[in-house]
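Subject: Structure for you to look at, with notes

Dear colleague,

Here is the structure I promised to pass on to you. Please have it open while you read, so that you can follow each element on the screen.

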Amino acid sequence: MDVGKETLRDLSCLYEITKELASSFVLHECLDKAMLHLAEMKSMENGTVTIIHPITGKLEIEVAHGISAEAKKRGKYEIGEGITGRVVAAGEPIIVPHIYDEPLFLNKTRSRGDSGDPNRAFLCVPIKDGKQVIGALSVDRVYHDGFGDQATKDLQFLTVLSSIIAQTVRRIQIVNEEKEILRTENLKLRRELSEKNRIDDIIGNSSRMQDVFEMVHRVVDSNATVLLRGESGTGKTLVARALHYNGKRKDKPFISVNCSALPETLLESELFGHERGAFTGAHERKIGRFEQAEGGTLFLDEIGEISLAVQLKLLNIVQERCFQRLGSTRSISCDVRLVAATNRNLEEAVTRGSFREDLYYRLNVFPIYLPPLRKRRTDILLLAEFFLEKYSKENNKNIKRISTSAIDLLVQYHWPGNVRELQNCIERAVLVCDGDAIKGIHLPPTLQMSATGVRSKRPSFSASVENFEKELIIEALKQNNGNQTKAAHYLDTSLRIINYKIHQYAIDPKIYKI
């Protein structure tokens, strides 16, 4: 073969491969195209890039041209095992002139038969990042004219290519690390921007709660009637208080009435007041809640439970902003911000005729929907730690953390009682805990049952090790404000291993950022 033409073909092949490697930020994709060019332009078959796995320390196939996915899974080697393992261990290239006669060739992928072309050679070179060997590049090539100088030239070509691959691996790693830093900074900026919407008394960083905070701040200084919707225990009372104490009426009274706790006759008297002698037992004048809340906010909880008669009187107040005490004909004007809350489906109640349609529209001026706890699972740990600190102080206990096993139970539970149930759960756990950590055994039995209602089996040895690893990583993230790099240093390991474990255990570092 003409030397000039061969050199030109090598340069052309390197150019095409370099172009592919430089144009992608996905390692698997660009390496796959590189191995395709080797096959088409250099007749180098079964092009394979093997990389050292950061956790297991074994050599695993990153990409292999012409090899099935199942075969790739089988292609795992210990350092020093087989030809590829020896290349990585020694950091030196190896040529096997006749692959089928070489006992060190293990053929773990089973991509080659037991017999074949006797002129098929195997070439393998190390991939080095500086002085560190991070993997190997290997190919098959059939030398029809016999094994000679051409194999040496091919080995030199592959050595040059391996250095380009090493640079590509490093470049993509740097880009991915920078992306992670930018993503972290972006999240930090978004949190800082959302600080103006935070409500100190309400715990939550989830997107659903951010929506609630935004809605609260949009209406906080308005006189518009607000209707809080959501299941029992989702924190409607807290939001009502936030609407009052973060608004322009904060220096005036905040009055709360649970409409479901009083019968109809008492509720009317409670809301509107009564004159002396208005009914049996009315020995003196009573000031109602509307008068007590003058200039401030009146919170009507469980508004969906009031009778039609009370609904009519309430409608008149909402429309006219005036009312009469029971037993009086004098109208009293009122300047009250009205906030109502319900866990009932008012639309269905209107359809059934148990709730007045006109009152519904008067109340539903600015609805705010509070999500159930099962829809904001990223807030569970934040809430649990808040309640842990609160009840530890109240009970003079030094409980510092919640174990991984307990966190798993808390996150997996469906929380029908929402935040109120979680609060009671943590209070109970604090009372029964005698150590420095809340464990699974301290949680109520309902949390320790599986989805089928059968108590979970004791975890296996491997599961226990995984739980221990996960707990260590979570503790490191807590100590370092969710920063993976600092967590890796805290645990005396590499960022790559930490990132792999975080992905493996589906840990979300964001929830540990303050």
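The notes below go from the whole protein to one sheet, then to the helices and a cavity.

Please keep in mind from the start that this is a predicted model. The protein has 514 residues, of which 44% are buried, and its chain forms 18 helices and 17 strands. Among the contacts with a separation of 6 or more, 66% are between residues 24 or more positions apart. The protein exposes about 27,000 Å², and carbon and sulfur atoms supply 50% of that area.

The sheet I would like you to find is an open one of five strands, paired in parallel, and its order is β8-β11-β14-β7-β15. At its edges stand β8 (254-258) and β15 (366-369), and each has a single partner strand, so one side of each is left without a neighbour in the sheet. Neighbouring strands are turned against each other by 20° on average, if direction is ignored.

Strand β14 deserves a careful look, since its partners on the two sides can be followed residue by residue. On one side, β14 (residues 337-342) runs parallel to β7 (residues 226-229), and four bridges join the two. Within this pair, V226 stands opposite V339, while R229 stands opposite T342. On the other side, β11 also runs parallel to β14 and is likewise joined to it by four bridges, with F299 standing opposite V339.

Is β14 enclosed or open to the outside? Six of the six residues of this strand are buried, so β14 is largely enclosed by the rest of the structure. You can check this on both faces, because being buried here means having under 20% relative accessible area: R337, V339 and A341 are buried on one side, and L338, A340 and T342 are buried on the other.

Two helices that pack on the sheet come next. Helix α6 (residues 207-219) touches β7, β14 and β15, and its direction makes about 155° with that of β15. Helix α7 (residues 236-245) touches β7, β8, β11 (297-301) and β14, and its direction makes about 155° with that of β7. The buried residues of α7 are K236, V239, A240, A242, L243 and H244, and what covers them includes helix α6 as well as the strands β7, β8, β11 and β14. When you look at their positions, it may help to recall that an α-helix has 3.6 residues a turn, so residues three or four places apart point the same way.

Some of these residues appear again around a cavity. The structure holds three cavities of 30 Å³ or more, and the second largest has a volume of about 40 Å³. Its lining includes L243 and H244, together with T297 and R337, and among the other lining residues are V220, S222, N223 and G247.

Finally, there is a glutamate to look at elsewhere, namely E268, which is found in helix α8 (residues 264-272). Is E268 buried or exposed? E268 has a relative accessible area of 11%, so it counts as buried. Leaving aside its neighbours within four places in sequence, E268 is in contact with G273, V310, K313 and L326.

With best wishes

Technical notes
Residues are numbered from 1 along each chain as its sequence is written. This is a predicted model: local features need pLDDT of at least 70, side-chain atom pairs count only at pLDDT 80 or more; totals for chains, interfaces and linings use all residues. Side-chain values use heavy atoms; hydrogens and water are left out. Two strands pair if DSSP finds at least two bridges between them. Axes are lines fitted to C-alpha atoms, for helices over the stretch in contact, and angles run from 0 to 180 degrees between N-to-C directions. Contact means heavy atoms within 4.5 Å. Buried means under 20% relative accessible area, exposed over 50%, partly exposed in between (1.4 Å probe, protein chains only). Accessible areas come from the Shrake-Rupley method with a 1.4 Å probe; for residues, only the protein chains shown count as cover. On a 1 Å grid over the protein atoms alone, a cavity is a set of points where a 1.4 Å probe fits but cannot get out, and a pocket is an open set with protein on both sides within 12 Å along at least five of seven lines; lining residues have an atom within 4 Å of a point. Grid points are joined across faces, edges and corners, and a volume is the space filled by probe spheres set on the points.
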